[in-house]
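This report examines charged side chains and one loop residue in a single protein structure. The sequence and coordinates are displayed first.

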Amino acid sequence: MAQDQHRNIVIIGGGIIGCTTAYYLTRHHSYSPSTTCVTVLEASAHGVAQGASGKAGGLVAKWAFPKNIVDISFPEHVKLANEHNGKERWGWRFVECGSWRGRGEDLAHHVDTRVGTGGSLGKKAGLKTSLEIVSPLDESVHPDDLNWVKEDLTKSYRPMSEAPDCTAQVHPYLFTTSMMDLAIEKGATLLRGSATTIEQENGRVTGVRYNDPSDDTSKVIPATDVLLSAGAWSPSIVPSLPVSATRAHSVTVRPKLDVTIEPYVLFTDIALPDGREATPEIYARPDNEIYACGPGDDSPLPTNVDDVEVDQAKCQSVWEHVSSISPKFREATWEKRQACFLPQVLVNGGGPIIGDARKIAKGLYIATGHTCWGICNAPGTAKAITELLMYGRIRSSDINIRTFEPSRFL
């Protein structure tokens, strides 16, 4: 495509990948709103970050995976936080993070906890390789400053890294909405609508057809380039994508005003009083909120993100499991009970899927299947996609996404 030709770049999906890519596109040195239109098409009536990108834990780690994306993303996270006051704007900070094992107390107000004691969402499942990279660490006793978990319930605590600057966090909703807002400041557009098909002519994309809820009609937005970054909903646009959906529940609570929660993220393995085990992940956030999530399930994916059903019993289960080791969590005020769908790639060693999808149509790019590491790996993904869109190829020597090219999965 001639460099002086006007470009209409349409991003399908207002999650963390789509919003961060919009940000990087509008910050590229060759971008000008007079020659390049960047439009994010989002199906939710409530704006961006309504799926997993707004309901995740928000962990950002050097020891995450896949390493070749993490190595790009982590320094980009640091750069973004420094440039845009991420500490105040989206809760950026470094945290302690570890694997906690111990027993849970039998709660006096015990309710049925036989819901949601399955496997975790996959962070620990992928850490075998990552932990080998940073060298295995010895298990230790309860950390002195971990003030919101009962010490006498702790069997072991194993930090994920010895270095203090290897693990950080963001508030995912605030980070995603900030990326979109910053992109809009430079000329990007947010458009509400549900994408249905990618229009093509002579093997090249020409537009995106979508349902416009304002008048309930089908319309086409012209496009010279399309990025499909709709997370678990991506196969509804490109059915050949090997992406499945896993529903995950989470809760947030607000401790009492006089309670200060030390900055820890815990991957837990809790021996419950009835002999079973639970593995919730727990995140202490900068605003003194505590977030906790439970295992995934195979609930059917709804047509629209706004129709995701929340199983109240599973939220209660998460609360019970965390409360069994943390009186401060137990005594806190409920704030949110929520659910989201994570995109999982179950072939060729897993995803994500990132790159040029010219086998389907020239001008089509895909970025999806980031599982539970979407927040962590969004900047690296966005940087790679931006180079592909603006240069037609990857120029930076530190970016290697060959393993994730769509041609390996389609």
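The sections below treat salt bridges, a charged surface patch and the surroundings of one serine.

The model is predicted. Opposite charges on side chains can pair once the charged atoms come close. The structure contains 16 salt bridges, and three of the pairs are listed here.

| Salt bridge | N to O distance |
|---|---|
| Arginine 209 and glutamate 199 | 3.5 Å |
| Glutamate 335 and arginine 254 | 3.1 Å |
| Glutamate 289 and arginine 285 | 2.8 Å |

**Salt bridges between strands**

Arginine 209 and glutamate 199 are joined through their side chains by a salt bridge. This pair connects distant parts of the chain, with arginine 209 in strand 10 (residues 204–212) and glutamate 199 in strand 9 (residues 194–201), 10 residues apart. Arginine 209 has a relative accessible area of 29% and therefore counts as partly exposed. Glutamate 199 is likewise classed as partly exposed, because its relative accessible area is 24%, a value between the limits of 20% and 50%.

A second salt bridge is formed by glutamate 335 and arginine 254. Here, too, distant parts of the chain are linked: glutamate 335 belongs to strand 18 (residues 333–345) and arginine 254 to strand 13 (residues 243–254), with their positions 81 residues apart in the sequence. Glutamate 335 is partly exposed, at a relative accessible area of 39%, and arginine 254 is partly exposed at 25%.

**A salt-bridge network**

In the salt bridge between glutamate 289 and arginine 285, both residues are buried. Shared partners among salt bridges unite Arg254, Arg285, Asp287, Glu289 and Glu335 in one network.

**A negative surface patch**

Glu96, Asp144, Asp145, Glu151 and Asp152 make up a negative patch on the surface. One of these residues, aspartate 152, lies in the loop between helix 5 (127–134) and strand 6 (154–159). Its relative accessible area is 53%, so aspartate 152 is exposed.

**Serine 229 and its contacts**

Is serine 229 buried or exposed? Serine 229 is buried because its relative accessible area, 6%, falls under 20%. This residue occupies the loop between strand 12 (225–228) and strand 13. Leaving aside residues up to four places away in sequence, serine 229 touches Ile11, Ile12, Gly13, Ile17, Gly18, Ser234 and Ala367. Aspartate 181 and serine 229 are 48 residues apart along the chain, and their C-alpha atoms are separated by 18 Å.

Technical notes: Residues numbered from 1 in each chain as written. Predicted model: local features only at pLDDT ≥ 70, side-chain atom pairs only at ≥ 80, totals over all residues. Heavy atoms only, no water. Salt bridge = Lys/Arg side-chain N within 4 Å of Asp/Glu carboxyl O. Helix = DSSP H or I, 4+ residues; strand = E, 2+ residues; numbered from the N terminus. Buried < 20%, exposed > 50% of the residue type's maximum accessible area, 1.4 Å probe, protein only. Patch = residues over 30% accessible without salt bridge, like charges linked within 9 Å, V, L, I, M, F, W, Y side chains within 5 Å. Areas by Shrake-Rupley, 256 points an atom, 1.4 Å probe, with all protein chains shown as cover. Lys, Arg positive; Asp, Glu negative; His and termini not counted. Charge placed at Lys NZ, Arg CZ, Asp CG, Glu CD. Contact = heavy atoms within 4.5 Å.
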